[in-house]
Amino acid sequence: LETAGLTSTAFAGADHAYTVRDDQRRALTEQPAVAEGRIYIQGLSSMLAPLCLLPGAGESVLDLCAAPGGKTLMMAAMMENMGTLNAVEPGKTRFFKLRANLERGGATMVKTYLTDGRGVGRKTPDRFDKVLVDAPCAGEAMFTTHDPKSYADWSVKKVQRCARVQKAILRSALSAVKPGGQVLYCTCSMSVEENEGVLSHTLKKLGESVRLEALPALPVWVETMPALTQWADRALNPSIANAVRVLPTAAHDAFFLALLRRVV
């Protein structure tokens with residue numbers, strides 16, 4: 001990057017992750033390395049999900065909401081392009097964008113599927129060591145005050161609709177993962193309904209067959225707070241405190257992360 005005249009900064013705890021100044025963003029996107037797939041541009045918060053799931057070479061991993069593919073590419077790199085990595089996306093346009101990004105990035109071990117993640121657990125039960133659920137959400141962490149388009153389609157109904165879908169996808173993930181396996185649930189939403197509410201519903205429905213675990217140590221640059229265990233005068237499962245709300249800073253957007261393990 002320096003040879004191209006860009007000023008890059010490495011980020012501790014995220015191997016091969018670098019940032020450039022805001023005024024160099026366009027210059028970065030125009031670099032040949034981006035077009036050739038040697039660099040993939042994504043937000044720092046998004047990189048936290050693979051860093052928490054920690055997929056390893058030779059494991060069987062499922063990315064249940066994969067497009068546009070940044071997290072999938074990162075997991076393929078962490079797995080050294082060895083093992084099984086299945087990427088699922090239900091939207092046709094987003095699916096082909098996912099495939100193009102994976103091909104450009106050289107992730108040859110990834111198999112892609114154009115299907116709804118809510119049905120995957122029923123079709124492939126007890127199959128994967130680890131599952132990533134970067135759930136579709138209302139996207140509140142992406143809102144910016146200077147861009148009304150970023151929140152133009154937000155509504156309470158959208159939050160409620162997303163929460164219903166999220167619950168079904170998370171149940172599917174917990175069916176698809178092997179007993180003893182892990183599921184990383186994350187969103188770029190700040191709504192309790194899409195985060196703690198989804199976890200509370202899942203823990204209540206599945207009981208002792210699943211538990212919420214503490215996340216691995218996050219990089220030092222991440223500012224966080226524990227997930228909420230009480231909301232609107234209602235006490236939630238105390239283990240939800242193991243989940244984390246990533247607080248927005250100048251360097252990264254808000255994010256939500258929770259690590260679940262299927263016990264039986």
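**Salt bridges, strand pairing and local geometry**

Arg-94 has a relative accessibility of 44% and therefore counts as partly exposed; in this classification, residues are buried under 20% relative accessible area, exposed over 50% and partly exposed in between, with a 1.4 Å probe and protein chains only. The structure is a predicted model, in which local features need pLDDT of at least 70 and side-chain atom pairs count only at pLDDT 80 or more, while totals for chains, interfaces and linings use all residues. Residues are numbered from 1 along each chain as its sequence is written, and side-chain values use heavy atoms, with hydrogens and water left out.

Arg-94 takes part in a salt bridge with Glu-89, in which the closest N and O atoms are 3.4 Å apart. A salt bridge is defined here as a side-chain nitrogen of Lys or Arg within 4 Å of a carboxyl oxygen of Asp or Glu. In contrast to the partly exposed Arg-94, Glu-89 is buried, its relative accessible area being 5%. Across the whole structure, the search finds 14 salt bridges.

Two further salt bridges involve strand E6 (residues 128-134). Helices (H or I, at least four residues) and strands (E, at least two) are DSSP runs, numbered from the N terminus. Glu-59 and Lys-130 form one of these salt bridges, with 3.6 Å between the closest N and O atoms. This pair links distant parts of the chain, 71 residues apart: Glu-59 lies in the loop between helix H3 (44-53) and strand E3 (60-63), and Lys-130 in E6. Glu-59 counts as partly exposed at 22% relative accessibility, whereas Lys-130 is buried, with a relative accessible area of 10%. In the other, Asp-129 is joined to Lys-178, the closest N and O atoms being 3.1 Å apart. Here too distant parts of the chain are linked, with Asp-129 in strand E6 and Lys-178 in strand E7 (residues 177-187), 49 residues apart. Asp-129 is partly exposed, with a relative accessible area of 23%, and Lys-178 is also partly exposed, at 31%. Elsewhere, a network of salt bridges links Arg-211, Glu-213 and Arg-261.

Strand E4 (residues 84-89) pairs with strand E5 (residues 110-114) in the parallel sense over 5 bridges; two strands are taken to pair if DSSP finds at least two bridges between them. Within this arrangement, Asn-86 stands opposite Lys-111 in E5. Together with helix H5 (residues 92-105), E4 and E5 make a right-handed β-α-β unit. A crossover is right-handed if, with the strands pointing away from the viewer, the path from the first strand over the helix to the second runs clockwise.

The count of aromatic pairs comes to 2. One of them is formed by Phe-95 and Phe-96, which meet edge-to-face at 5.3 Å centre to centre, with 75 degrees between the planes. Rings of Phe, Tyr and Trp (its six-membered ring) pair if their centres lie within 6.5 Å; planes under 30 degrees apart count as stacked, over 60 as edge-to-face and the rest as tilted. Phe-95 is buried, with a relative accessible area of 5%, while Phe-96 is partly exposed, with 45%.

Helix H4 (residues 70-78) is largely enclosed by the rest of the structure, because 7 of its 9 residues are buried. The buried residues are Gly-70, Lys-71, Thr-72, Leu-73, Met-74, Met-75 and Ala-76. In the loop between E3 and H4 lies Pro-68, which is joined to Ala-67 by a cis peptide bond with an omega of about 5 degrees. H4 is followed by Glu-80, which has a positive phi near 55 degrees.

Positive phi values also occur at Asn-81 and Asp-126. Asn-81, a residue other than glycine, has a phi near 60 degrees and is placed in the loop between H4 and E4. Its relative accessibility of 28% makes Asn-81 partly exposed. For Asp-126, likewise not a glycine, phi is about 60 degrees. Asp-126 is found in the loop between helix H6 (120-123) and E6 and counts as partly exposed at 41% relative accessibility.

At the surface, Tyr-151, Trp-154 and Val-156 make a nonpolar patch of about 280 Å². Patches are made of residues with over 30% relative accessible area and no salt bridge, like charges being joined within 9 Å and nonpolar side chains (Val, Leu, Ile, Met, Phe, Trp, Tyr) within 5 Å. Accessible areas come from the Shrake-Rupley method with a 1.4 Å probe; for residues, only the protein chains shown count as cover. Tyr-151 is located in the loop between E6 and helix H7 (156-176) and counts as partly exposed at 36% relative accessibility.
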